[in-house]
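Here are a few exercises to try with the model open beside you. Have a go at each task before you read its solution.

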Amino acid sequence: MLGLSIESSCDETSVAILKDGREVLSNVVSTQIDIHKEFGGVVPEIASRKHLTNISYVVDEALKEAKVDLKDIEYIGVTYGPGLVGALLVGVSYAKSLAYALNIPIVPTHHIEGHIAANYISNKELKPPFLALVVSGGHSHLIYVKDYTDFEILGKTRDDAVGEAFDKVARTLGLGYPGGPEVSNCALKGKPTYNLPKTKFENYDFSFSGIKTAVINIAHKEGENLKVADMCASFETTVCEELTQNAMRVMKDYNLKKVVLAGGVSANRVLRNMICKEAKKSGYEAFIPDLKYCTDNAAMIGSAAYYNYISGKYYDIKDKLDLNAKANLKVGE
Ligand code: KG4
Ligand code: ZN
């Protein structure tokens with residue numbers, strides 16, 4: 001079964017072709033990072049315009065790479081939220097037109113459910129139930145994945161997302177965008193010598209604005225004396241500990257056996273090592289996505305779309321033309 005999937009929720013225009021939801025025949029990602037770098041973050045209007053100029057080329061390239069003809073595609077999966085609404089609309093409109101022209105079903109797919117599904121591509125034996133620690137530029141969620149299309153949010157950030165905190169800390173320290181990889185690379189040259197605050201709630205929620213503000217305050221106070229590499233190492237270690245400790249708490253309380261890392265921040269070296277090490281210590285299995293499937297890509301959307309499709313979560317495009325982008329779409333909605 002061949003599916004074509006489209007991702008355009010932020011600053012990557014991506015199209016993939018998957019066979020049976022887990023085999024990637026092509027995954028073309030056209031990133032806009034170099035364009036947005038100049039502004040220190042994603043400029044939504046520019047992102048939408050770039051998606052618009054890129055999308056047809058990316059679709060053509062994905063088909064060419066996969067050596068697949070459009071007539072062999074059985075369904076179109078597309079990210080319809082959450083994300084930047086103008087950016088999402090480009091993918092959604094394109095997907096609707098393509099599905100209409102080919103007279104095949106459209107599978108609206110949740111971006112975060114896609115990040116989780118990246119693990120099905122990288123770990124062929126992985127099956128629900130498991131706990132997913134979803135860490136991206138917009139989300140920090142602990143999600144109980146009961147089945148391929150059945151999700152329950154057990155904890156989430158009360159303020160900043162982890163990736164967002166990495167990006168803001170990078171900006172404060174004079175490092176580039178996106179901040180996660182910059183902070184992590186700089187941390188390699190330092191030691192975690194700064195004492196930064198961690199938060200712990202009665203439930204499984206997170207908070208990252210306190211640690212971000214602490215970094216900003218210390219940076220202002222120390223000025224030129226600030227040891228940037230040590231600060232990066234301190235921030236990275238503290239945040240990864242908070243994420244891992246909270247995830248381990250849920251594993252124990254819910255008597256789960258498998259933990260899965262997902263989202264852009266799952267590319268973080270320290271977090272990948274820490275979650276695997278702590279899981280092993282407690283007798284759990286840990287799964288992480290290949291680096292190329294951590295940040296936004298259409299292959300992960302294709303895998304999530306496949307499971308939606310086989311469980312009947314799709315539209316016949318000729319019956320329902322009003323699929324829209326939803327900027328604040330909730331997991332499991
Ligand atoms: O999932 P993603 O590509 O886009 C969203 O859905 O938000 O995640 C992007 C986020 C950015 O905040 C970026 O700084 C962060 O992931 N990120 C990292 C690393 N690579 C990307 N954060 C920490 N360490 C990394 N190696
Ligand atoms: Zn993402």
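Where is the place of Asn-103? Asn-103 sits in the loop between α3 (85-102) and β5 (106-110); such helices (H or I, at least four residues) and strands (E, at least two) are DSSP runs, numbered from the N terminus.

Before going on, a word on the model: it is predicted, so local features need pLDDT of at least 70 and side-chain atom pairs count only at pLDDT 80 or more, while totals for chains, interfaces and linings use all residues. Residues are numbered from 1 along each chain as its sequence is written, chains are lettered from A and ligands numbered from 1 in the order in which they are written, and side-chain values use heavy atoms, with hydrogens and water left out.

**Exercise 1. Describe Asn-103 and Asn-255 by phi and exposure.**

Step 1: start with phi. Asn-103 has a positive phi near 55°, though the residue is not glycine. Asn-255 isn't a glycine either, and its phi is positive too, at about 55°.

Step 2: place the second residue. Asn-255 belongs to the loop between α8 (228-253) and β9 (258-262).

Step 3: check exposure. Buried means under 20% relative accessible area, exposed over 50%, and partly exposed in between (1.4 Å probe, protein chains only). Asn-103 counts as partly exposed because its relative accessibility is 48%. Asn-255 has a relative accessible area of 57%, so it is exposed.

**Exercise 2. Find out what holds the zinc ion.**

Step 1: list the donors, meaning N, O and S atoms within 2.8 Å of the metal (3.2 Å for Na, K and Ca); water is not among the atoms, so sites may look incomplete. For the zinc ion (ligand 2) they come from His-111 (NE2), His-115 (NE2) and Asp-296 (OD), at 2.0 to 2.1 Å.

Step 2: read the spacing along the chain. The pattern is H-x3-H-x180-D.

Step 3: look at the two histidines. His-111 and His-115 are four residues apart in helix α4, so about one helical turn separates them. Both are buried.

**Exercise 3. Map the surroundings of ligand 1.**

Step 1: count the neighbours, where near means a heavy atom within 4 Å. Ligand 1 has 18 residues around it, with His-115, Gly-137, Asp-167, Gly-180 and Gly-264 the closest.

Step 2: pick out polar contacts, which are pairs of N or O atoms within 3.5 Å. Oxygen atoms of ligand 1 lie 3.1 Å from a polar side-chain atom of His-111 and 2.8 Å from a backbone N or O atom of Gly-137. A polar backbone atom of Asp-296 is 3.2 Å from an oxygen atom of ligand 1.

Step 3: find the contributing elements. Those giving two or more residues to the shell are α4 (111-122), α5 (162-172) and α6 (179-187).

**Exercise 4. Work out how Thr-157 is placed and what its side chain reaches.**

Step 1: locate the residue. Thr-157 is in the loop between β8 (150-156) and α5.

Step 2: judge burial. Thr-157 counts as buried because its relative accessibility is 15%.

Step 3: follow the side chain. For contacts within protein, one atom must be able to donate a hydrogen and the other to accept it, and residues adjacent in sequence count only if both atoms are side-chain atoms. The side chain of Thr-157 reaches the backbone nitrogen of Asp-159 at 3.2 Å and the backbone oxygen of Asp-160 at 2.6 Å.
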